[in-house]
Amino acid sequence: GGGGGGGGGARLLLRRRQKRLLLVLLLFPRRRRWRGRLRGGTAGASRSRTSSPASACQRRRSTSPPPPLPHRVASKPRGPNIGGGAAAAVASSPIRRAGAFDNAIPEYASYVDKAKRRGTPPKDLGVLKRTINEQSIDADPVTFSGLRGCDGKPNCFSTTGDSLLEDRILTGVDTLISPWRPPADDPAPFKTLASAVKEYKPGQSFIDGGGFAVVKETDSYLYVQFEALKKGYIDDVEFAMAGGREQGIQVRSSSRVGQTDFGVNAIRLNAIAASLRAKGWAIDEITPKTHQDYFYAADDARDQTFDKDRRKGTEMENGRMDRPAIG
């Protein structure tokens, strides 16, 4: 008898504890939140974070449908805030093909939507303080105002570089060229140079099909960007008359990306130089004899590329390089 009575008392005590626990949970929502975490993880906690016993009862009693979702009106595409006569001028102006210079060849339209690799221009373009022969053993360092040099890759030419060939080839191929010298009877040589550059024909010798644009022009400095036809490679070309007339015109033509330029910078400079030679300028032509390593790298790249257009106008258009068999 005593065991049965003890069990009934225990059950009664358990019921009282359950009622007390229920009362505590109703009066203190935070404890309910912890209970939700133990049962359902963070989902239960998030549901009870802003709830209370009163709001829970109101939700259960409410039978009204939820409010309708607000009607979303399609917004107009964002654009520059142009008003008045400026807007009319933009609307009436011809549409410029995205990514193309105004003088790009017509074939550029076939590649206008293709991904472009324009690269980033060096931060130290322009006429700045330069020093050559810094690492040379046999030549003294020289500091002057001039254009940027090249970094040894076969995709650049510049009139700035170490004096000795053995010093230049320590960082790569030889890319040094001589300054361009105008004739003595030219009263405005830099204007003559600028006119020759602006008369350059994009697409000549199958290069620069994306056209070109003058970025900066002064009485003694000219900065022009040239764009490739297909992938939009940008080459930075600079001319400067930093010293006197007798020192000639400084020149730099360089690609931004890639290891080799497939001979593009040499072809471009030779084309501009040819038009100036006809006016009496003294300019050395860039050839395989003057820059053997540069042209070998260009021919090697043309031979291995999948782009057959890279071989147009060259000796490899109908033939390939002879490579020794290995093994």
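**Exercise 1. Work out how helices α8 and α9 are set against each other in this predicted model.**

Step 1: Start with the axes. Those of α8 and α9 (residues 292-304) cross at roughly 120° and come within 10 Å.

Step 2: Now sort that angle. Roughly perpendicular covers 65 to 115 degrees, and roughly antiparallel needs over 145. The helices α8 and α9 are therefore oblique to each other.

Step 3: See who does the touching. From α8 you get V264, N265, A266 and I267, and they meet Y294, F295 and R302 of α9.

Step 4: Sort those contact residues by type. Five are nonpolar, one is polar and one is charged.

**Exercise 2. Find out which strands α8 lies across, and put the sheet in order.**

Step 1: Look at what sits against α8. The helix lies across β3, β5, β6 and β7, and it runs at about 145° to β7.

Step 2: Read off the strand order. It goes β3-β7-β6-β5-β4, an open sheet of five strands with antiparallel pairing.

Step 3: Pick out the edges. β3 and β4 each have a single partner strand, so one side of each is left without a neighbour in the sheet.

Step 4: Check the twist. Ignoring direction, neighbouring strands in this sheet are turned by 15° against each other on average.

Step 5: Go into one pairing. β6 and β7 (residues 250-255) run antiparallel and are joined by six bridges. One pair to click on: F239 has V251 of β7 as its bridge partner.

**Exercise 3. Describe how β4 and β5 are joined, then place V215.**

Step 1: Follow the chain from β4. A hairpin of three residues takes you to β5.

Step 2: Look at the pairing. β4 and β5 are antiparallel, with five bridges between them. In this ladder K216 stands opposite Y223 of β5.

Step 3: Place V215, which is in strand β4. Beyond its neighbours within four places in sequence, V215 is in contact with Y223, V224 and Q225.

Step 4: Take one of those partners, Q225. V215 and Q225 are 10 residues apart in sequence, and their C-alpha atoms are 6.9 Å apart.

Step 5: Is V215 buried, exposed or in between? Buried needs under 20% and exposed needs over 50%. V215 has a relative accessibility of 45%, so it counts as partly exposed.

**Exercise 4. Decide how well covered α7 is, and by what.**

Step 1: Count the buried residues. Seven of the 10 residues in α7 (residues 189-198) are buried, which leaves the helix mostly covered.

Step 2: Name them. They are P189, F190, T192, L193, A194, A196 and V197.

Step 3: Look for the cover. It includes strands β4 (212-217), β5 (221-227) and β6 (234-240), along with helix α8 (264-277).

Step 4: Set this against the protein, where buried residues make up 34% of the 327 residues.

**Exercise 5. Compare two loop residues between α7 and β4: G203 and F206.**

Step 1: Take G203, which lies in the loop between α7 and β4. Its relative accessibility is 26%, so G203 counts as partly exposed.

Step 2: List what G203 touches. Leaving out residues up to four places away in sequence, the partners are I105, D208 and G209. The C-alpha atoms of G203 and N103 are separated by 10.0 Å, although these residues are 100 apart along the chain.

Step 3: Move on to F206 in that loop. With a relative accessible area of 53%, F206 is exposed.

Step 4: Check the backbone. Most residues other than glycine have a negative phi. F206 has a positive phi of about 65° without being a glycine.

**Exercise 6. Find out where N133 and N155 sit and whether they are buried or exposed.**

Step 1: N133 is in the loop between β1 (128-132) and β2. At 2% relative accessibility, N133 counts as buried. Its phi is positive too, near 65°.

Step 2: N155 is in the loop between β2 (142-146) and β3 (156-158). N155 has 3% relative accessibility, so it counts as buried.

Step 3: See what surrounds N155. Apart from neighbours within four places in sequence, its contacts include S253, S254, S255, N265 and Y294.

Definitions and conventions:
Residues are numbered from 1 along each chain as its sequence is written. This is a predicted model: local features need pLDDT of at least 70, side-chain atom pairs count only at pLDDT 80 or more; totals for chains, interfaces and linings use all residues. Side-chain values use heavy atoms; hydrogens and water are left out. Buried means under 20% relative accessible area, exposed over 50%, partly exposed in between (1.4 Å probe, protein chains only). Helices (H or I, at least four residues) and strands (E, at least two) are DSSP runs, numbered from the N terminus. Contact means heavy atoms within 4.5 Å. Two strands pair if DSSP finds at least two bridges between them. Axes are lines fitted to C-alpha atoms, for helices over the stretch in contact, and angles run from 0 to 180 degrees between N-to-C directions. Angles under 35 degrees count as roughly parallel, over 145 as roughly antiparallel, 65 to 115 as roughly perpendicular and the rest as oblique. Ala, Val, Leu, Ile, Met, Phe, Trp, Tyr, Cys and Pro count as nonpolar, Asp, Glu, Lys and Arg as charged, and the others, Gly among them, as polar.
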